[in-house]
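Student: I am new to this structure and would like a close look at a single part of it. Please start from one loop and then move on to the spaces and the ligand, taking each step slowly.

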Amino acid sequence: MCGIVGVTGKENAVDILLNGLGRLEYRGYDSAGIYVNDQNGKEYLVKEKGRIADLKKEITPDVHGTTGIGHTRWATHGVPSKENAHPHVSADGRYYLVHNGVIGNFAQLKKEYLEDVTFVSDTDTEVIVQLIAKFARKGLSTKEAFKKTLTLIDDSSSYSFLLVDHEEPDTLYVAKNKSPLLIGVGDGFNVVCSDAIAMLDQTHDFVELVDGEIVVVKPESVTIENMEGNQINRKPFHVDTDASEAEKGAYPYYMLKEIDEQPGVMRNLIEHYIAEDGSIKIDEELLKRLNQAQRLYIVAAGTSYHAGLVGKELFERLTNIPTEVHVASEFAYNPPLLAEHPFFIFLTQSGETADSRQVLSQVNEWGYPSLTITNVANSTLSREATYTLLLYAGPEIAVASTKAYTGQIALEAILAKAMGKLKNIDKAENFNVAKELTFVANGMQALVDGKSEIKEIAEDVLATTRNAFYIGRSIDYDIAQEAALKLKEVSYVQTEGFASGELKHGTIALIEKDTPVIAIITDEKTAKHTRSNTQEVLARGARVIYIASRQLAVAGDQIILPEVHPLLTPLLAIIPCQLLAYYTSLQRGYDVDKPRNLAKSVTVE
Ligand code: F6R
């Protein structure tokens, strides 16, 4: 989604903004722009469609300044173009604005207040900057004009705004609602960013903003006020992440780096959550409240939803608590009939996904307890849930999620074990999660070390195909769904993750000569049945690739997985699937880290 950066200080703002935008590139975008001023009346607005590299080509050596704002845009209103790129400027040239989010009532605001203004873009953002300018022309101060504009924006909207008034060139005006935004605190300068990663080379101390506040940022001060004008003091929090953790290092792409990091993610989770004596370091109050639930509701989107599907197996088998898994955007408008004592678990790598946040707001209104499992400390869903557990997976930069998926499943396993143990459930008592996850880490290492074989299969079977299927039953169906999402999102091969028994009820009509069908076989109960389903597709000309656990493998299976606990097989089976997706994308010449149309951290509904 859109990325926002801003700085006010004494150094070269152009470099700070461009470095910051570069660090946000991973989020997905289609145009970019910056505005800078030098405090002496010189100001520059440069925007371009395409990549930051395209923007850089437009920045001539004379462009300079010490205050500025920058933006990467992921189109929502209006096509990707230079005109629609941010920053947007008011018609009188006084105000410059960048925006992340969507203004639900922009058309009505435009009609009601701005019929006399000529617009140069199709964006909702331009309506806001024109409104601020209009109210300022009527005599309001910038802060009052900004505030008045915010009060006109309807509840369906989401935004984070960063505004500069060229009459106060060292000041940034900031406000947010539902979209993330942080102030980074420096010595003689301050920065603003939608993700701390953007500014880690400037500062590690950030102040979080709350919806409904107005913040005035100058080089030496940050003033936070609520809408009533009362000042709010909030201490910065420290972000430990090293800026280099967000670098690719020797890797050609982040996705490959993050696939390779997964054994380390398992080990980090063991270290953070399991003590030497095997006891689990999770707040007992959280475990008790989870165990009091009649039913668990896991709510998530995309890959995190798929991690939730595996979570259901873990929670039901190890804690005996019925568990439902819901796609957040569906739950938001069509919630199921709830149990009397529900407990909600939100799975979200970024902690910022608007669909999931919408459900959490509803859950908070209902007054039910919740837990967010996330990779980003202090993210919105982490702040707003009753409890948080962190993945400690390091920044996930590639748009396609890999290490967060396996991290989420591993943490669900640790949590389910702790809950089950507290309830004295035998299966949980006997599940030595530290030992089992260590086996997983070793198995993952063996699989990533053997990646050249997977590359060959991708080249042989997937390089030119139009469509493909992943099939499996039970827990293997859960894996198939995530494997299919991975392949389709980075290689654009139309891929379905299918319950193998269900194929014959219609979808088998799509199988033709050489259609790739990748069968996942890790579940003992259903292995035989999935194999028999592969015979049905083989008989219709499909090319079948088998990914099978060692104990269930037969001669001729192409990818053999090391043996691990039956509830943890998704952690291994997904590795070759991630690698198949990665190599297929490269084979087809795509930018695997930034697939078309996609964004990391989807902050609009
Ligand atoms: C796919 C992918 C997405 C995210 C989804 C939810 O590879 O990354 O499907 O999983 O947008 O994001 P989070 O987990 O940040 O809530």
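Tutor: In this predicted model, the loop to start from is the one between β19 (370–374) and α12 (380–384), where N378 has its place. N378 is not a glycine, and although that is so, its phi is positive, at about 65°.

From this loop we can turn to the largest pocket, which has a volume of about 820 Å³. Its lining counts 37 residues, and those closest to the centre of the pocket are V239, T241, N375, V376 and A377. Two elements give two or more residues each to this lining, namely the strand β15 (237–238) and the helix α7 (262–273). Sorted by class, the lining of the largest pocket holds 16 nonpolar residues, 12 polar ones and 9 charged ones.

Where, then, does the ligand sit? The ligand is found in the second largest pocket, a space of about 580 Å³. The residues that line this second largest pocket number 29, and G302, T303, V399, A599 and V602 are the ones nearest its centre. Several elements give two or more residues to the lining: the helices α9, α11 (354–366) and α17, together with the strand β18 (342–348). Of these, α17 provides the largest share, with 4 residues. By class, the lining of the second largest pocket is made up of 11 nonpolar, 11 polar and 7 charged residues.

Within that pocket, it helps to look separately at the shell of residues around the ligand. This shell is formed by 14 residues, and S304, T348, S350, T353 and E489 are the closest of them. Both α9 (302–319) and α17 (475–491) supply at least two residues of the shell, so the reader will recognise two helices that also give two or more residues to the lining of the pocket as a whole. Which element gives the most to the shell around the ligand? That element is α9, which contributes 3 residues, whereas the largest share of the lining of the second largest pocket comes from α17. In terms of class, the shell around the ligand consists of 8 polar, 4 nonpolar and 2 charged residues.

Individual atoms can now be followed from the protein to the ligand. T353, already named among the closest residues of the shell, places a polar side-chain atom 2.5 Å from an oxygen atom of the ligand. In the case of S401, a polar atom of the backbone is the partner, at 2.8 Å from an oxygen atom of the ligand. The side chain of K486 takes part as well, with an N or O atom that is 2.9 Å from an oxygen atom of the ligand. On its own the ligand has 410 Å² of accessible area, and the protein covers 88% of this.

One more space remains, and this one is a cavity instead of a pocket. The model has 1 cavity of 30 Å³ or more, and the space in this largest cavity comes to about 70 Å³. Its lining has 14 residues, with R73, T76, H86, G101 and D124 nearest the centre. The strands β4 and β6 (95–102) and the helix α4 (124–137) are the elements that give two or more residues to it, and β6 has the largest share, with 3 residues. By class, 9 residues of this lining are polar, 3 are nonpolar and 2 are charged.

H86, one of the residues nearest the centre of that cavity, brings us back to the backbone, where the walk began. The peptide bond that joins H86 and P87 is cis, with an omega of about 0°, and P87 itself is placed in the loop between β4 (67–73) and β5 (88–89).

Key
Residues are numbered from 1 along each chain as its sequence is written. This is a predicted model: local features need pLDDT of at least 70, side-chain atom pairs count only at pLDDT 80 or more; totals for chains, interfaces and linings use all residues. Side-chain values use heavy atoms; hydrogens and water are left out. A residue is near a molecule or strand if one of its heavy atoms lies within 4 Å of it. A polar contact is a pair of N or O atoms within 3.5 Å; within protein, one must be able to donate a hydrogen and the other to accept it, and residues adjacent in sequence count only if both atoms are side-chain atoms. Accessible areas come from the Shrake-Rupley method with a 1.4 Å probe; for residues, only the protein chains shown count as cover. On a 1 Å grid over the protein atoms alone, a cavity is a set of points where a 1.4 Å probe fits but cannot get out, and a pocket is an open set with protein on both sides within 12 Å along at least five of seven lines; lining residues have an atom within 4 Å of a point. A molecule sits in a cavity or pocket if more than half of its atoms lie within 2 Å of its grid points. Ala, Val, Leu, Ile, Met, Phe, Trp, Tyr, Cys and Pro count as nonpolar, Asp, Glu, Lys and Arg as charged, and the others, Gly among them, as polar. Grid points are joined across faces, edges and corners, and a volume is the space filled by probe spheres set on the points.
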